[in-house]
Amino acid sequence: IRIMAGKVKWVTDIEKSVLINNFEKRGWVQVAENEDWNFYWMSVQTIRTVFSVETGYRLSDDQIVNHFPNHYELTRKDLMVKNIKRYRKELEKEGSPLAEKDENGKYIYLDFVPVTFMLPADYNLFVEEFRKNPSSTWIMKPCGKAQGKGIFLINKLSQIKKWSRDSKTSSFVSQSSKEAYVISLYINNPLLIGGKKFDLRLYVLVSTYRPLRCYMYKLGFCRFCTVKYTPSTSELDNMFVHLTNVAIQKHGDDYNHIHGGKWTVSNLRLYLESTRGKEVTNKLFDEIHWIIVQSLKAVAPVMNNDKHCFECYGYDIIIDDKLKPWLIEVNASPSLTSSTANDRILKYNLINDTLNIAVPNGEIPDCKWNKSPPKEVLGNYEVLYDEEMAQSDGPDRDLRSRSGQSTGVKGNRARDSGKPVLTTWK
């Protein structure tokens, strides 16, 4: 790794030691001060500098980086929604069956993001929607912040009038003219376990966008709130009830430092299989994988698919009490800090497995290779979607898989033929 002086920021000593251990283990380098390495681990801010025309940086073939230049097309809350909306409209124009709607005008296969508006741009549209159902609750988030910062809930228009410059014309400005917000319909019927709200943090590795090839990490986890959930409007300001971010929950009186308020995805799966049944649990996880693939397809056309890049995203998914999954947001720099012993093991393995796919066999990086590593190096990753393989299997493959003619990501048996079938994301 060539660490560019003053530009790479190690978030914690844990991250630094985990990465250095990985590099030493591979025999790439002998770690020494001021040593030049051939692999970059960069913050999202540094990536902008590297790919900026003004800086004049040019990466050589043996240098790879851990973000795509315009990753924010997926990881900024407003741009993610904008790209998904555009993707739906394009599929509609093409007459794609994937964009089919039900009798109420809702997408059958692509309804996985809560109703969302950009503020200030869509303020009038939001007011119109709000008035259709004035008893609804909405969640407001600054577009460019993470860890739950700046988020609040509203259930009255008057609560955001302090951001409104002129209520007569309903024009809207945020507190800072530079800061945009998204406002989304709040999922007020979340699936509860032990009376508490939770969401899923899932890791997805994208090695290339054109053709799209992505991998799902099997060791994700659930993040629980410390306080029992209530839809009561009197608790709208209590973020310990509504936001699952560890950065917020760790300050709660009931935060448990041993398990960190986390469950593994495999534990969630066992719980759901025992309480709701195996079939609906499989369907739920199938739908989660579908959401991830479609969100990546939505941004693929606009993504700068630089050959030096790969990216490990942190997907945040919430499940409602009807076992319908919703995409909340996608993180460009999912936290690699550990709050518990299990956390540390998981994230160590995540980094290790990510590097094994990005640079198989611990060889000198080469951005020209086809980015399709052998199965034995995948570790805890599994292929989620391979566009080249999907295209070879016919144009209607996505719909066949989504509509239930094949189920699961592991080639479960098709209902009609009784033979193993590769699904959309294989």
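Trainee: Which residue takes a positive phi just after H8?

Mentor: The model is a predicted one, and in it Gly277 has a positive phi of about 105°, just after H8.

Trainee: How should the helix itself be read, and which residues of H8 are buried?

Mentor: One begins with relative accessible area, where buried means under 20%. In helix H8, which spans residues 265-275, Val265, Leu268 and Leu272 are the buried residues. Viewed down the helix axis, these buried residues fall within an arc of 55°, so they line one face of H8.

Trainee: Which exposed residues does the face turned away from the buried side carry?

Mentor: On that face of H8 lie the exposed residues Leu270 and Ser274.

Trainee: What covers the buried residues of H8?

Mentor: The cover includes strand E5 (192-193), together with E6, E8, E9, H9 and E10.

Trainee: Let us turn to charged pairs. How many salt bridges does a search of the whole structure find?

Mentor: A salt bridge is read from the separation of a side-chain nitrogen of Lys or Arg and a carboxyl oxygen of Asp or Glu, with a cut-off of 4 Å. The search of the whole structure finds 16 salt bridges. One of them joins the side chains of Lys307 and Asp61, at 3.8 Å from N to O. Lys307 lies in the loop between helix H9 (278-299) and strand E10 (311-319), and Asp61 in the loop between helix H2 (44-50) and helix H3 (72-75), so this pair ties together parts 246 residues apart in sequence.

Trainee: Are Lys307 and Asp61 buried, partly exposed or exposed?

Mentor: Lys307 has 41% relative accessibility and counts as partly exposed. Asp61 is likewise partly exposed, its relative accessible area being 30%.

Trainee: With which residue does Arg223 form a salt bridge, and where do the two partners lie?

Mentor: Arg223 pairs with Asp199, and their closest N and O atoms are 2.8 Å apart. The pair links distant parts of the chain, with Arg223 in strand E8 (residues 221-224) and Asp199 in strand E6 (residues 196-209), 24 residues apart. Arg223 and Asp199 are both buried.

Trainee: What does Lys262 pair with?

Mentor: Its salt-bridge partner is Asp343, with 2.7 Å between the closest N and O atoms. Here strand E9 (residues 262-264) contributes Lys262 and helix H10 (residues 341-358) contributes Asp343, a link between distant parts of the chain, 81 residues apart. Both Lys262 and Asp343 are buried.

Trainee: Which residues are joined into one network by salt bridges that share partners?

Mentor: Shared partners join Asp199, Arg201, Arg223 and Asp316 into one network.

How values were computed. Residues are numbered from 1 along each chain as its sequence is written. This is a predicted model: local features need pLDDT of at least 70, side-chain atom pairs count only at pLDDT 80 or more; totals for chains, interfaces and linings use all residues. Side-chain values use heavy atoms; hydrogens and water are left out. Helices (H or I, at least four residues) and strands (E, at least two) are DSSP runs, numbered from the N terminus. Buried means under 20% relative accessible area, exposed over 50%, partly exposed in between (1.4 Å probe, protein chains only). The arc is that of the directions from the helix axis to the C-beta atoms. Contact means heavy atoms within 4.5 Å.
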